[in-house]
Amino acid sequence: MGVALRLGLAGLILLAAGLLGTRYFLPEPEPPVPAKTASPAASDSATPEATVVGRVACASCHAEQDRLWQGSHHDLAMQEVTPETVLGDFNGTEFK
Ligand code: HEC
């Protein structure tokens, strides 16, 4: 192998290593900035804010499901905590 060929090959190897190296050492390109940043204050009037409608909104069509749900454990689980709704006796109970 001639000297010129060896130098040429070495040059090609260095060039390839340099090109590959840019993938790891150059900073990542900045991600594109979205045209409109999402913020609740500047929300589109066409998309209303999500709100809890409550079960009454469902009962008109799902009357049977509403009837079955009333008084169920799922219904009672979300009651306000009062002496009447808390059935367990936690007086003086310590967590160890
Ligand atoms: C205007 C009538 C109407 C209202 C109001 C309504 N639904 Fe429905 N809902 C339907 C119909 C019709 C179906 C389809 C029933 C079927 O395919 O058998 C359905 C299906 C469902 C299903 C799927 C049931 C299944 O077995 O796959 C769920 C869950 C459901 N509704 C929940 C709700 C909830 C929660 C609300 C209130 C936020 C609500 N629905 C309000 C009419 C309504």
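**Chat about D66, H62 and the ligand**

Q: Let's start with D66: does that residue count as buried or exposed?
A: D66 counts as buried, because its relative accessibility is 14% and buried means under 20%. Please keep in mind that this is a predicted model, and that the values we discuss are computed from it.

Q: Where is D66 found, then?
A: D66 is found in helix 3, and this helix covers residues 63-69.

Q: And which residues does D66 touch?
A: If we leave out residues up to four places away in sequence, D66 touches R55 and A59.

Q: What kind of link do the side chains of R55 and D66 meet in?
A: The side chains of R55 and D66 meet in a salt bridge, with a distance of 3.6 Å from N to O. This pair links distant parts of the chain, since R55 sits in the loop between helix 1 (3-25) and helix 2 whereas D66 sits in helix 3, and the two are 11 residues apart.

Q: Why does R55 count as partly exposed?
A: R55 has a relative accessible area of 37%, and because partly exposed covers the range between under 20% and over 50%, R55 falls into that class.

Q: OK, how many salt bridges does the structure hold?
A: The structure holds two salt bridges. Besides the pair of R55 and D66, the side chains of R67 and E64 meet in a salt bridge, at 2.9 Å from N to O.

Q: Where do R67 and E64 lie?
A: Both R67 and E64 lie in helix 3, where they are three residues apart, which is about one turn of the helix.

Q: What about their accessibility, R67 to begin with?
A: R67 counts as exposed, because its relative accessibility is 53%, while E64, at 41% relative accessibility, counts as partly exposed.

Q: New topic: which residues surround the ligand?
A: The ligand is surrounded by V53, A57, C58, S60, C61 and H62. Sorted by type, the residues of this shell divide into four nonpolar, two polar and no charged.

Q: Which residue gives the iron atom of the ligand its donor from the protein?
A: The iron atom has a single donor from the protein, and that donor is the NE2 atom of H62, 1.9 Å away. In addition, a nitrogen atom of the ligand lies 2.6 Å from an N or O atom in the side chain of H62.

Q: Where does H62 lie?
A: H62 lies in the loop between helix 2 (56-59) and helix 3 (63-69).

Q: Last one, zooming out: how many helices and strands are there in the protein?
A: There are four helices and zero strands in the protein, so to speak α-α-α-α when you read the elements from the N terminus on. Of the 96 residues of the protein, 3% count as buried, and D66 is one of the buried residues.

Note on methods: Residues numbered from 1 in each chain as written. Predicted model: local features only at pLDDT ≥ 70, side-chain atom pairs only at ≥ 80, totals over all residues. Heavy atoms only, no water. Near = heavy atom within 4 Å. Polar contact = N/O pair within 3.5 Å; in protein donor to acceptor, adjacent residues only side chain to side chain. Nonpolar A, V, L, I, M, F, W, Y, C, P; charged D, E, K, R; others polar. Donors = N, O, S within 2.8 Å, 3.2 Å for Na, K, Ca; no water. Contact = heavy atoms within 4.5 Å. Salt bridge = Lys/Arg side-chain N within 4 Å of Asp/Glu carboxyl O. Buried < 20%, exposed > 50% of the residue type's maximum accessible area, 1.4 Å probe, protein only.
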